[in-house]
Amino acid sequence: MSAASTRPLVIGFFLFAVVFHLSVVAQDFSVLAENGFLYDDSFYAFKIAQNIAEGKGISFDGEHKTNGFQPLYVFLLVPIYYVAGSDLISPIYAALVLATLLTGFTAVLLFFIVRRYASTKIALLATVIWAFSPVVTKQSANGLETALALFLFASVVYFYISRIRPVERPALRDFAIFGLLIGLALLARIDEVFLALVILLDYLLVLRSRRVPSKALGRIAVAILAAFIVYSPWLIYGVQTTGHLVQDSGSATRYLSMAYAPLFDLGPSEMANEGPSGAFIWAHIVHSFSVLKIAPPTHAIFRGFEKLGAAVGAQTAVISVANVLGLLLLAAFIYVVVFRRRSLVVTGFRELQFLLLYAVLVIAAYSFYVFGVFFFVRYYYPIYFIACIYAGLLLEEGFRRLPARTTLTRPLAAAILVVYLGVFGYMAYACVHRSNQQYCFYEVACWVRDNTSPDDTIGVFQSGAIGYLSERRVINLDGKVNRDALDALKDDSLAEYLREEGIDVVVDNRKVLDLFFIGTHKRERLPDPLVAMGLDKIMEGSSKEMRGWAAYRVNGFAHSIGADDSNTID
C-alpha cells in the first residue's frame with residue numbers, strides 16, 4: 001500500500017486506540033488508585049509537579065530538594081498544576097489523557113517501524129497486539145513517565161532507522177535532531193542511556209562496513225553534543241542538589257530491594273549494606289524471565305496454559321511445562337535471529353539487532369545491579385515494544401516462506417491468529433472492566449486526612465499517595481525522593497532523623513514498620529514490639545481496604561529505633 005492509501009488506516013487506528021485507552025483512564029479515581037492502575041510512585045511525580053507550580057521548589061514535601069524522579073514528565077505536568085490550582089484530581093486525569101495520546105502516537109510509530117520490513121497487514125497486526133495488550137492497557141494509565149519515555153524511545157528508533165542508518169551521508173541537521181531526541185529520551189527516563197549506547201555501537205559498525213573515513217565521525221559528535229546540551233542542566237542540578245550523579249530514586253531502589261529481601265524470603269535485610277547474595281541475584285533473574293512472559297505477543301499463550309492447568313487440576317505442572325517450552329523457544333529465537341540472521345529473508349532482523357542488545361543490557365542492569373523486582377513490568381516496558389516489532393518480523397518471515405498457493409497452511413495460520421486475537425481481546429477487556437483492589441494507599445491517605453491533626457507531621461516509607469492526598473506535611477522515609485532519609489536508613493540513624501524532622505505519626509505496612517524500626521530478628525518476641533518500645537498505636541488496618549497497615553504516634557517513644565535498649569530518645 002502507498003503512503004497515501006495507508007494514511008486513513010493509520011489515522012483510523014490511532015483514533016480507535018486513543019478512544020479505547022481513554023475509556024480506561026475515564027474510570028472513577030478511586031478505581032484507578034486502588035485497582036493497580038496508578039502506582040504509589042505516580043503520586044511522587046504529581047506532588048513534585050504541584051510543588052514546583054506553587055513555587056515550593058523541586059521537592060516532594062516542599063522542603064527537601066530531590067532529583068528522585070524522571071524530569072521531563074514532571075516538568076510537562078507543571079503548567080497543568082499551575083492552571084488547576086488547588087484541584088488535586090483534575091491534573092491527574094489530564095496527565096492520563098496526555099499518556100493516552102502518547103500511547104496512540106507510539107502505536108503509529110510501531111506501525112511504521114514494522115512496515116519498513118513487513119506488509120501493511122502484518123504491521124497492523126503487530127500494532128494491534130501491542131496497543132490493546134493488558135500490559136499496555138495498564139501501564140499507559142499508571143500516571144508515571146512510562147508512556148512518554150516509550151514514545152521518545154520509539155521516536156529515536158524510527159528516526160535512526162529511517163534518517164540516519166540507511167543514509168550514506170546524513171545531513172548535519174538530522175544528526176542534531178537525532179541528538180535532541182536522545183537528550184529528551186534521557187530526560188524522560190535515564191534507562192535510555194542504554195539505547196544511546198547500542199545505537200552508537202551499531203552506527204560505528206555500519207560506518208566500518210561502509211569503509212567511511214574517520215573524519216566522518218565528526219558528524220556523530222554533533223548528535224552527542226546536542227544530547228548533552230539537552231540533558232546537562234538536569235545532570236548539573238542533580239550533582240549540586242544531592243552531590244551524586246545517580247538520581248535519588250535509583251539509589252533508593254537498589255537499597256530498598258535488598259532491605260526488603262526478608263519480606264519476600266529472598267535473604268536477610270543486611271544485604272542492603274553488605275551487598276546482594278547469589279541467591280538474591282538468581283531470584284531476580286528468574287523474576288525477569290517471569291515478567292517477560294507477559295510481553296504482548298506471548299501473554300495470551302502463557303495465560304492459556306495457566307487456565308488449562310487450572311481446568312485439569314495440575315496448574316503447577318502445566319505452568320512448568322509452559323516455562324520450559326518458553327525457554328526453548330527463546331533459545332531458538334536467539335539462535336535464528338543472531339546466528340542465522342543471514343539466512344532470513346526479512347532485512348529487519350539484521351538492521352534492528354541493536355534493539356536485542358538494548359533488551360539484554362536492561363535485563364542485566366535490573367537483574368544484577370539495580371534490582372527493583374516490584375517494578376520490572378514498567379522497567380521492561382520498552383522490551384515489550386521490541387517484542388512486538390520482532391513478532392511482526394517473524395510473522396512476515398513465516399508468511400513469505402509459506403507457499404503462495406497452499407490450500408491449507410495459510411488458512412490454518414489465519415484461523416490461529418483469529419483465535420489468538422479473540423483471546424487477546426477478552427484479556428484486554430477483563431484488564432479494564434474486571435479489575436479489583438490491589439493497593440490501599442488511597443484508603444490510608446483518607447484515614448490520615450480524617451484522623452490526624454493538620455499540625456501533625458507524618459512519616460511514611462511508601463509515601464506518594466499519602467503525601468499527595470492527605471493534606472498533611474508528609475516526610476518520605478524510604479529515600480526515593482529524600483536523600484536525607486536514605487542516608488539515615490543506611491547509617492542506622494532513623495530514630496535521630498525522626499526527631500530532627502519533628503515527626504508525630506509514622507504510618508506504613510506493618511511489615512515495613514517492623515523491618516525498619518526493630519529489625520526482623522526481634523519481630524516475633526512480643527505481640528506488638530513497637531508499642532513495647534513506647535509508640536502509641538492509633539490504627540491497625542483490619543478492613544480489606546487497609547489490611548496490613550498500621551499507624552503509631554511517636555509521643556513517648558522511649559527507645560532508639562533498631563538499637564539497644566540503653567540508647568534512648570530524649
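Between which two helices does the loop that holds Gln247 lie? In this predicted model, Gln247 is placed in the loop that runs between helix 11 (218–242) and helix 12 (248–259). The relative accessibility of Gln247 is 7%, so the residue counts as buried, the limit for that class being under 20%. The side chain of Gln247 forms a polar contact with the side chain of Trp234, at 3.4 Å. Trp234 also appears in the list of residues in contact with Gln247 once neighbours within four places in sequence are left aside. The other members of that list are Asn67, Phe69, Gln70, Ile190, Tyr231 and Arg483.

The chain as a whole contains 27 helices and five strands. Its radius of gyration is 25 Å, close to the 25 Å that the globule rule gives for 570 residues, and the chain is therefore as compact as a globular protein of that length. The C-alpha trace spans about 85 × 65 × 45 Å along the principal axes of the chain. Buried residues make up 53% of the 570. When contacts between residues at least 6 apart in sequence are considered, 69% of them join residues at least 24 apart.

The exposed surface of the chain amounts to about 25,100 Å², of which 63% is supplied by carbon and sulfur atoms. Charged side chains comprise 48 positive and 46 negative ones. The centres of these two sets are separated by 18 Å.

Two non-glycine residues with positive phi are described next. Phe371, which is not a glycine, has a phi of about 70°. Phe371 is located in the loop between helix 18 (353–368) and helix 19 (376–379). With a relative accessible area of 0%, Phe371 is buried, as the class requires a value under 20%.

Glu471 is likewise a residue other than glycine with a positive phi, in this case near 60°. The loop in which Glu471 lies connects helix 23 (464–469) and strand 2 (473–476). Is Glu471 buried or exposed? The relative accessibility of Glu471 is 57%, and the residue therefore counts as exposed, since that class begins over 50%. Thus Phe371 is buried, whereas Glu471 is exposed, and each has a positive phi.

Methods
Residues numbered from 1 in each chain as written. Predicted model: local features only at pLDDT ≥ 70, side-chain atom pairs only at ≥ 80, totals over all residues. Heavy atoms only, no water. Helix = DSSP H or I, 4+ residues; strand = E, 2+ residues; numbered from the N terminus. Buried < 20%, exposed > 50% of the residue type's maximum accessible area, 1.4 Å probe, protein only. Polar contact = N/O pair within 3.5 Å; in protein donor to acceptor, adjacent residues only side chain to side chain. Contact = heavy atoms within 4.5 Å. Rg over C-alpha atoms; globule rule 2.2 N^0.38 Å. Areas by Shrake-Rupley, 256 points an atom, 1.4 Å probe, with all protein chains shown as cover. Lys, Arg positive; Asp, Glu negative; His and termini not counted. Charge placed at Lys NZ, Arg CZ, Asp CG, Glu CD.
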